[in-house]
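Me: I am new to this structure and would like a close look at a single part of it. Please take one helix and go through what surrounds it.

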Amino acid sequence: MDNLKEKLAADPALQTQVLDILKNTEVGKQYTETVAKNYFEQNIGKEHRRIYDFVDDAIKATGQEKPEGVKTSEWVKMIAQQNKELNDKVSATGFNPDKLNEEIQKLTAKYKKEKQHFQTTAEQEIAKRDEQINSLMTAQTQQKKMSAINSAIKNLEFNKGLDESLINDIVQVKTQILIQNSKIEDGAVVWCSSDGTPIKDGILNASLDTILKNEFGSVLHKSVAGGNAGTQPTAQGTFNGQQVMLDATQFKTQEQFLNEFNKIAQAKGIAKGEQYDALYWDAFKRYGVETLKDF
């Protein structure tokens, strides 16, 4: 027996003859199957397990768990069958993925448009509110300035010999100019000249009373010391019974002309009325007062 093993181990030709005899026997078949199975396990089976493990991990990553005791190949078949059934149901409902994408795009565009509209509307409302607030603040400031002037005017005594409507016009115009040129600093009104610099009384800002007396000086009541207190200064002109004669060098504005005319009218006892008006307009035309500036 040992002699036969030695011959088989050393003679390939003898090995071939023996295998050819054994391959059709039951023992030979079992041996061949065992060899093939061992080769599969060691080589092909290992690669199959690596592939199945990869598939298991990939499907688990989607949130699905493989049932206990089910092979990966069977699990894959189950998932494929479920997907097929789902696709069949979706197809039966007439679902169209392209149509869905189109609707999503439409909704997205509508959302962007509405968002832009709301944003623009909000910005416009904010701007409108800001404008209203600024308008109210400006009106409040204007009212503050106007109240200060009106309060100070109450302390002034206007020339009662002048037409009241003229005084009112002068007061209104000069008040608007004062308000327009003024500004607010630290919550207080600063009265300024037309160039924007504060009106001074010496080195300090002038008080509103001082400013108004200067601005309205031509229409304020003026008194002189001594026995003539309460009378107007001597007028540079006369009344010849038909016309009021003025010194044209005494006035450069329509306001100054009116002041000079009234001095003569008061001195000569010409009361307000038709005669006064006729004499006024006669002198107004003769001296070309319409070409002079108002103040």
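The reply below follows helix 9 and its surroundings.

Reply: The model is a predicted one. The part chosen here is helix 9, which runs over residues 274-286.

Start with its length. Helix 9 has 13 residues, and at 1.5 Å a residue they should span 18 Å. The C-alpha atoms at its ends are 18 Å apart, which agrees with that expectation.

Next, its two sides. Tyr276, Leu279, Tyr280, Ala283 and Phe284 of helix 9 are buried. Around the axis they cover an arc of only 135 degrees, so they sit on the same side of the helix. The general background is that an α-helix has 3.6 residues a turn, so residues three or four places apart point the same way. On the face turned away from the buried side, helix 9 carries Glu274 and Lys285, which are exposed.

What does the buried side pack against? Its buried residues pack against strand 5 (237-239), strand 6 (244-246) and helix 8 (254-267). Past the end of the helix comes Gly288, whose phi is positive, near 60 degrees.

The link to helix 8 can be followed through aromatic rings. A pair of such rings is described by the distance of the centres and the angle of the planes. A search of the whole structure gives 11 aromatic pairs. In one of them, Phe261 and Tyr276 have ring centres 5.4 Å apart and planes at 80 degrees; an angle over 60 degrees counts as edge-to-face, so this pair is edge-to-face. Phe261 belongs to helix 8 and Tyr276 to helix 9, 15 residues apart, and the pair thus links distant parts of the chain. Phe261 is buried, its relative accessible area being 0%. Tyr276 has 6% relative accessibility and counts as buried too.

Phe261 also pairs with Tyr280: the ring centres are 5.4 Å apart and the planes stand at 85 degrees, so this pair is edge-to-face. Here again distant parts of the chain are linked, with Phe261 in helix 8 and Tyr280 in helix 9, 19 residues apart. Tyr280 has a relative accessibility of 15%, and because buried means under 20%, Tyr280 counts as buried. One aromatic cluster takes in Phe261, Tyr276 and Tyr280 together with Phe251, Phe257, Trp281, Phe284 and Tyr287.

Helix 8 has a further link, this time through charged side chains. Glu255 of helix 8 and Lys174 meet in a salt bridge, at 3.9 Å from N to O. Lys174 lies in helix 6, so the pair ties together parts that are 81 residues apart in sequence. Both Glu255 and Lys174 are buried, and the relative accessibility of Lys174 is 13%.

Lys174 forms a salt bridge with Glu215 as well, with the closest N and O atoms 4.0 Å apart. Lys174 is in helix 6 (residues 164-181) and Glu215 in helix 7 (residues 208-215), so this pair joins parts 41 residues apart in sequence. Glu215 is partly exposed, with a relative accessible area of 28%. Lys174, Glu215 and Glu255 are thereby linked in a network of salt bridges.

To retrace the path: helix 9 packs its buried residues against helix 8, among other elements, Phe261 of helix 8 pairs with Tyr276 and with Tyr280, and Glu255 in helix 8 is tied to Lys174 in helix 6.

Terms used:
Residues are numbered from 1 along each chain as its sequence is written. This is a predicted model: local features need pLDDT of at least 70, side-chain atom pairs count only at pLDDT 80 or more; totals for chains, interfaces and linings use all residues. Side-chain values use heavy atoms; hydrogens and water are left out. Helices (H or I, at least four residues) and strands (E, at least two) are DSSP runs, numbered from the N terminus. The expected span of a helix is 1.5 Å times one less than its number of residues. Buried means under 20% relative accessible area, exposed over 50%, partly exposed in between (1.4 Å probe, protein chains only). The arc is that of the directions from the helix axis to the C-beta atoms. Contact means heavy atoms within 4.5 Å. Rings of Phe, Tyr and Trp (its six-membered ring) pair if their centres lie within 6.5 Å; planes under 30 degrees apart count as stacked, over 60 as edge-to-face and the rest as tilted.
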